[in-house]
Amino acid sequence: MKALLLRDLKLAFRAGGGFGLGIAFFLIVVILVPFSVGPESGLLTKIAPGILWLGALLACLLSLDRILALDWEDGTLDLVATSPLPLEAVVSVKALAHWLTTGVPLVVAAPLFGVLLNLPSQGYVWLVTSLALGTPALSVIGTFGAALTVGIKRGGLLLSLLMLPLYVPTLIFGAELARRGAEGQAVSTPLLMLAGITFGVIALLPFASAAVLRVNLR
């Protein structure tokens, strides 16, 4: 499993799906928002948590089609499916590799981009907390979507359309956690809901992804 993880990390960078692309897209979203809503600092402060979370979510979507597509194209997925390693473990490693190359850089960069949106000082800790807790769910859900669309030519658009509705609960509670933290309100409810979503998808979706892959590889 370690070798598979290292291989996926190397492929992510070589194929252009590493952290650079996601961060660049994240930065573009953050820079364009003040141009669209105006430079009023009070308004930017109010919408900053939601915009940062939306930018992170869209940045995660960019590399979803690479999670399994490269292995499908070169036949590696067929070899892995016939190996002693369970498919549930394979898709878990794929999700982990996606989170390490996409989610972690977004978590690290978010506080820096929060400065551009005038995020309150007390909001940075909760912004990082919400992204660190929520982005693993985005990667696991995205891996499930990649399993659904594997083998479909130019399935990137279909994958994005399928994943957006599934991402909405994570977006709602993640942005709400960051917003309440920035405003000094109680954060227990969105924190518990976000944690429940993340741990729930981590526990259940690898099995669903593996089942879908077995069907698609027949």
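This is a short talk on the fold, three of the helices and the nonpolar cores of one chain.

Good morning. A caution to begin with: what you see is a predicted model.

Let's start with the whole chain. How many helices and strands does the chain have? There are 9 helices and 0 strands. Read from the N terminus, the order is simply α-α-α-α-α-α-α-α-α.

Now the overall dimensions. Along the principal axes, the C-alpha atoms take up a box of roughly 55 × 30 × 30 Å. The radius of gyration is 18 Å. A compact globule of 218 residues would come out near 17 Å, so the two values agree. As for burial, 47% of the 218 residues count as buried. Look at the contacts too. Take those with a separation of 6 or more: 81% of them join residues 24 or more positions apart.

On to helix 3. This helix covers residues 41-61, which is 21 residues. At 1.5 Å a residue, helix 3 should span 30 Å. The end C-alpha atoms are 29 Å apart, so the span agrees with that expectation. Even so, there is a bend. Where does helix 3 bend? At isoleucine 47, by about 55 degrees. A proline, proline 49, follows within four residues. Proline 49 is also one of the buried residues of helix 3. Others on that list include Leu44, Ile51, Leu52, Trp53 and Cys60.

Stay in helix 3 for glycine 55. Is glycine 55 buried or exposed? Its relative accessible area is 0%, so glycine 55 is buried. What does glycine 55 touch, leaving aside neighbours within four places in sequence? Phe25, Phe26 and Val29. Phenylalanine 25 sits 30 residues away in sequence, yet the C-alpha atoms of the pair are 7.7 Å apart.

Now turn to the other partner, phenylalanine 26. Beyond four places in sequence, phenylalanine 26 touches Leu52, Gly55 and Ala56. On top of those, there are Leu106, Ala110 and Phe113.

That brings us to the cores. The largest nonpolar core has 57 residues. Phe26 and Leu52 are among those with the most contacts inside it, along with Leu68, Leu117, Tyr167 and Leu213. Which helix gives the largest share of this core? Helix 6, with 11 residues. There is also a second, separate core of 5 residues. Leu133, Leu177, Val187 and Ala195 are included there.

One residue from helix 6 deserves a stop. Threonine 101 lies in this helix, which runs over residues 87-116. Why does threonine 101 count as buried? Because its relative accessibility is 4%, and the cut-off for buried is under 20%. The side chain of threonine 101 has a partner: it reaches the backbone oxygen of alanine 97 at 2.9 Å.

Last, helix 7, residues 123-149. From first C-alpha to last, its 27 residues reach 37 Å. That is close to the 39 Å expected at 1.5 Å a residue. Helix 7 bends as well, by about 30 degrees at glycine 134. Here too a proline follows within four residues, namely proline 136. How many residues of helix 7 are buried? The count is 20 of the 27, so helix 7 is largely enclosed by the rest of the structure. After helix 7 comes glycine 151, with a positive phi near 90 degrees.

That's the tour. Thank you.

Definitions and conventions. Residues numbered from 1 in each chain as written. Predicted model: local features only at pLDDT ≥ 70, side-chain atom pairs only at ≥ 80, totals over all residues. Heavy atoms only, no water. Helix = DSSP H or I, 4+ residues; strand = E, 2+ residues; numbered from the N terminus. Expected span 1.5 Å × (residues − 1). Bend = angle between axes of the 7 residues up to and from the residue. Buried < 20%, exposed > 50% of the residue type's maximum accessible area, 1.4 Å probe, protein only. Polar contact = N/O pair within 3.5 Å; in protein donor to acceptor, adjacent residues only side chain to side chain. Core = buried A, V, L, I, M, F, W, Y, C linked by side-chain atoms within 4.5 Å. Contact = heavy atoms within 4.5 Å. Rg over C-alpha atoms; globule rule 2.2 N^0.38 Å.
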